[in-house]
Amino acid sequence: MSVQDIAAAFRELLITEPDLAAIVGERVCSDQLPEAMATPAIVFYEISSNIENSIEPDVIINCSISRFQVEAFASTRAMADKIQRIIVRRCGNYIGKVGEVCMKTSRLTGQSFETDRPELGSAGFRYISRVDYQITHYPVDLI
């Protein structure tokens, strides 16, 4: 399974959450926030990945374990925190199929915070709320 497969499945997991969709719509992207993208928005990226040979002692399949960082960007701290709380509800302990990927998520870290200072002449601060997740994933055709 490629990084693109798990990234696409993780994005789908986020955008299909109705409360998130109501706030950020399609503004969920991998790797980095595009320069002109409005907030609120979500950015996620894979920090690390390793390939395992089994999920259970008696079940041998090729699955991977990836670590993702998810950042909520907003124009206020309250909105960034609200978005992250919804992400935590959605991704904190998800088990299921998304597209052609089976996944189990678990939260690795508590929430951390940052302020993205504006460039000279830009509109203002962006507030960031961040959480890391571990995702065990494998293609649906392996089940």
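This report walks through the packing, aromatic pairs and charged contacts of the predicted model above.

The model is predicted, and local features need pLDDT of at least 70, side-chain atom pairs count only at pLDDT 80 or more, while totals for chains, interfaces and linings use all residues. Residues are numbered from 1 along each chain as its sequence is written, and side-chain values use heavy atoms, with hydrogens and water left out.

**The nonpolar cores**

Let's start inside. A nonpolar core here is a set of buried Ala, Val, Leu, Ile, Met, Phe, Trp, Tyr and Cys residues joined through side-chain atoms within 4.5 Å. As for burial, buried is under 20% relative accessible area, exposed is over 50%, and partly exposed is in between (1.4 Å probe, protein chains only). The largest core has 26 residues, and the members that touch the most others are Phe10, Leu14, Ile42, Phe44, Ile83, Ile87 and Met103. Two or more residues each come from helix 1 (3-15), helix 2 (18-24), strand 2 (41-56), strand 3 (59-74), helix 3, strand 5 (101-107) and strand 7. Helix 1 gives the largest share, six residues. Helices (H or I, at least four residues) and strands (E, at least two) are DSSP runs, numbered from the N terminus. There is also a second, separate core of six residues, with Cys29, Ala41, Phe73 and Ile128 among them.

Met103 has plenty of company, with contact meaning heavy atoms within 4.5 Å. Leaving out residues up to four places away in sequence, methionine 103 touches residues including Ile6, Phe10, Tyr94, Ile95, Ile135 and His137.

**An aromatic cluster**

Phe10, Phe44 and Phe68 form one aromatic cluster. Rings of Phe, Tyr and Trp (its six-membered ring) pair if their centres lie within 6.5 Å, with planes under 30 degrees apart counted as stacked, over 60 as edge-to-face and the rest as tilted. The whole structure holds three such pairs. Phenylalanine 10 and phenylalanine 44 meet edge-to-face, 5.4 Å centre to centre with 70° between the planes. That pair joins helix 1, home of phenylalanine 10, to strand 2, home of phenylalanine 44, across 34 residues. Phenylalanine 10 and phenylalanine 68 are stacked instead, at 5.0 Å centre to centre and 25° between the planes. Phenylalanine 10 is in helix 1 and phenylalanine 68 in strand 3, so this pair ties together parts 58 residues apart in sequence. As for exposure, phenylalanine 10 is buried at 0% relative accessible area, phenylalanine 44 is buried at 1%, and phenylalanine 68 is buried at 1%.

**Salt bridges**

Side chains of opposite charge can pair when their charged atoms come close. A salt bridge here needs a side-chain nitrogen of Lys or Arg within 4 Å of a carboxyl oxygen of Asp or Glu. A search of the whole structure turns up five, including those tabulated here.

| Pair | N to O distance |
|---|---|
| Arginine 89 and aspartate 19 | 3.0 Å |
| Arginine 67 and aspartate 132 | 2.3 Å |
| Arginine 77 and aspartate 81 | 3.7 Å |

Arginine 89 sits in helix 3 and aspartate 19 in helix 2, 70 residues apart. Arginine 89 is exposed at 58%, while aspartate 19 is partly exposed at 39%. Arginine 77 and aspartate 81 both lie in helix 3, four residues apart, or about one turn of the helix. Arginine 77 is partly exposed at 24%, and aspartate 81 is buried at 16%.

The remaining tabulated pair links arginine 67 in strand 3 with aspartate 132 in strand 7, 65 residues apart. Arginine 67 is partly exposed at 30%, whereas aspartate 132 is buried at 4%. The aspartate 132 side chain also has a polar contact (a pair of N or O atoms within 3.5 Å; within protein, one must be able to donate a hydrogen and the other to accept it, and residues adjacent in sequence count only if both atoms are side-chain atoms). This contact joins aspartate 132 to the side chain of glutamine 69 at 2.9 Å.

**Helix 3 and its surroundings**

Helix 3 (residues 77-91) has 15 residues, and its end C-alpha atoms are 21 Å apart, in agreement with the 21 Å expected at 1.5 Å a residue (the expected span is 1.5 Å times one less than the number of residues). Its buried residues are Ala80, Asp81, Ile83, Gln84, Ile86, Ile87 and Cys91. Valine 88, also in helix 3, is partly exposed at 22%. Apart from neighbours within four places in sequence, valine 88 contacts Arg107, Val131 and Tyr133.

The backbone oxygen of cysteine 91 lies 2.6 Å from a polar atom of the threonine 105 side chain. Threonine 105 is in strand 5 and is buried at 0%.
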